[in-house]
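Colleague: I would like to go through this model with you, one contact at a time. Could you explain each step as you would to a first-year student?

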Amino acid sequence: MGYDLERFVGYVNEGLLCCVCRDVLERPLQAPCEHAYCSACISSWLVHHHSCPEDRLPLDVGSLKPLYRYMRNDLNRLQILCVNAEQGCEVVCSLESLHTHEDECEFAFISCSNTGGEYVCYHCGCSLQVERRGLVAHLSECNFRSRECHNGCGHTLLSIDQSQHNCVAELRTEVELLRAEMLCKVEEVRREMESRLDSQRRHMVQKESQLKNDVEELKGQLSCVMCDMRALLGAERLRRQELAEAELEKRELLELLRDMQPTRSLHPVAQTSRDQHQGALLTSGRELHSEQTRHKQREASLHASSLSLHSAQAINISGPPPSPQLGDGTRKGGTRSRTLDCIKRKGREVSSEQTGLVGD
């Protein structure tokens with residue numbers, strides 16, 4: 001709706017009147033046919049019609065546009081009386097500054113600010129409307145104004161409640177409320193602490209079980225390592241024994257070779273036979289040396305295999321530890337014994353032949 005034409009002082013151009021309500025334009029809009037309307041009036045009209053109210057040409061909301069600037073300027077320069085003129089306001093201002101004046105007009109009626117607030121029994125508060133110029137005087141004597149208790153209890157009271165106020169009772173009620181609130185908070189904290197303790201207890205039990213499993217696993221690995229160590233120690237003792245036997249055989253062969261050294265006066269046939277037997281002895285010695293070399297290589301291979309087994313067991317590969325092949329050492333010792341016996345037998349044969357040749 002537009003502004004009442006009777007509120008304006010002076011002449012008002014007809015082009016500044018709304019085509020619907022015939023009052024002065026308020027928040028004006030213009031149609032393509034250049035007819036002007038109040039924003040509220042044309043919106044209500046287009047709900048039921050789709051044409052201009054003046055010339056009935058087709059019209060919709062999307063085709064509306066702001067008023068021409070020169071028309072807006074003419075509209076803003078119009079002089080109008082304050083809406084509170086009946087209450088005694090004599091201000092005449094331009095239409096452009098009307099809203100600013102009405103927001104500050106001393107004759108405007110406003111509601112009392114004492115609405116009851118937090119007091120439930122007086123939730124409606126003060127329902128009076130007074131002029132802005134008399135608001136201060138009303139607030140000073142309003143029955144719903146609030147102020148602190150003059151006894152110093154700290155409570156804020158309404159004027160009508162001061163005669164019924166009991167500081168002790170109010171403080172006791174406040175203490176009870178604080179006590180109930182504190183008990184609720186303590187109970188909440190207790191439940192939270194119990195929940196945390198239960199969670200930590202479950203976590204500790206899980207960690208203890210895991211540590212026990214780790215200890216058992218380490219014990220199993222240690223047992224496997226001990227078995228490997230015992231096997232390696234047995235292999236080492238066997239190797240030393242075989243080396244001692246080989247050294248003894250070597251000394252016996254050297255003594256046998258020294259005993260078989262011929263003199264220069266031996267018979268040529270005996271010399272030839274001796275050379276042949278000596279060659280056989282040297283060949284047997286070389287075979288013994290090569291067999292010792294192969295035995296050392298087997299021992300190195302056995303040691304490397306034991307180390308590989310130990311590494312595999314360190315990364316949790318299950319299986320009984322392999323024991324050294326003692327039968328191989330026995331077979332090797334038997335072979336060396338047979339070789340040594342053969343060499344001794346050949347040495348005795350050579351000695352007997354030399355003795356027979358010397359007798360001839």
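Colleague: Is Arg-240 buried or exposed?

Modeller: This is a predicted model, and what follows is computed from it. The relative accessibility of Arg-240 is 56%, and the cut-off for the exposed class is over 50%. Because its value lies over that cut-off, Arg-240 counts as exposed.

Colleague: With which residue does Arg-240 form a salt bridge, and how far apart are the closest N and O atoms?

Modeller: The partner lies with Arg-240 in helix H5, 4 residues away along the chain, which is about one turn of the helix. That partner is partly exposed, at 29% relative accessibility. The salt bridge joins Arg-240 to Glu-236, and the closest N and O atoms are 3.3 Å apart.

Colleague: Which residues are joined into one network by salt bridges that share partners?

Modeller: A salt bridge needs a side-chain nitrogen of Lys or Arg within 4 Å of a carboxyl oxygen of Asp or Glu, and the count by this rule comes to 14 salt bridges. Where such bridges share partners, they join residues into one network, made here of Glu-187, Arg-190, Arg-191 and Glu-194.

Colleague: Which residue forms a salt bridge with Arg-201?

Modeller: The two partners are 3 residues apart in helix H5, which spans residues 167-259, so they are separated by about one helical turn. The closest N and O atoms of this salt bridge are 2.7 Å apart. The partner is partly exposed, with a relative accessible area of 34%, and it is Asp-198.

Colleague: Is Glu-131 buried or exposed?

Modeller: Glu-131 forms a salt bridge with Arg-133, with 2.6 Å between the closest N and O atoms. The relative accessibility of Glu-131 is 17%, and the cut-off for the buried class is under 20%. Glu-131 therefore counts as buried.

Colleague: How are the rings of Tyr-3 and Phe-8 arranged as a pair?

Modeller: By the rule for rings, the count comes to 2 aromatic pairs. The ring centres of Tyr-3 and Phe-8 are 6.4 Å apart and their planes stand at 80 degrees, so this pair is edge-to-face.

Colleague: And how are the rings of Tyr-68 and Tyr-70 arranged?

Modeller: Tyr-68 is partly exposed, with a relative accessible area of 30%, whereas Tyr-70 counts as exposed at 54%. Their ring centres are 6.0 Å apart, and because the planes stand at 15 degrees, the pair is stacked.

How values were computed. Residues numbered from 1 in each chain as written. Predicted model: local features only at pLDDT ≥ 70, side-chain atom pairs only at ≥ 80, totals over all residues. Heavy atoms only, no water. Buried < 20%, exposed > 50% of the residue type's maximum accessible area, 1.4 Å probe, protein only. Helix = DSSP H or I, 4+ residues; strand = E, 2+ residues; numbered from the N terminus. Phe/Tyr/Trp six-rings, centres within 6.5 Å; stacked < 30°, edge-to-face > 60°.
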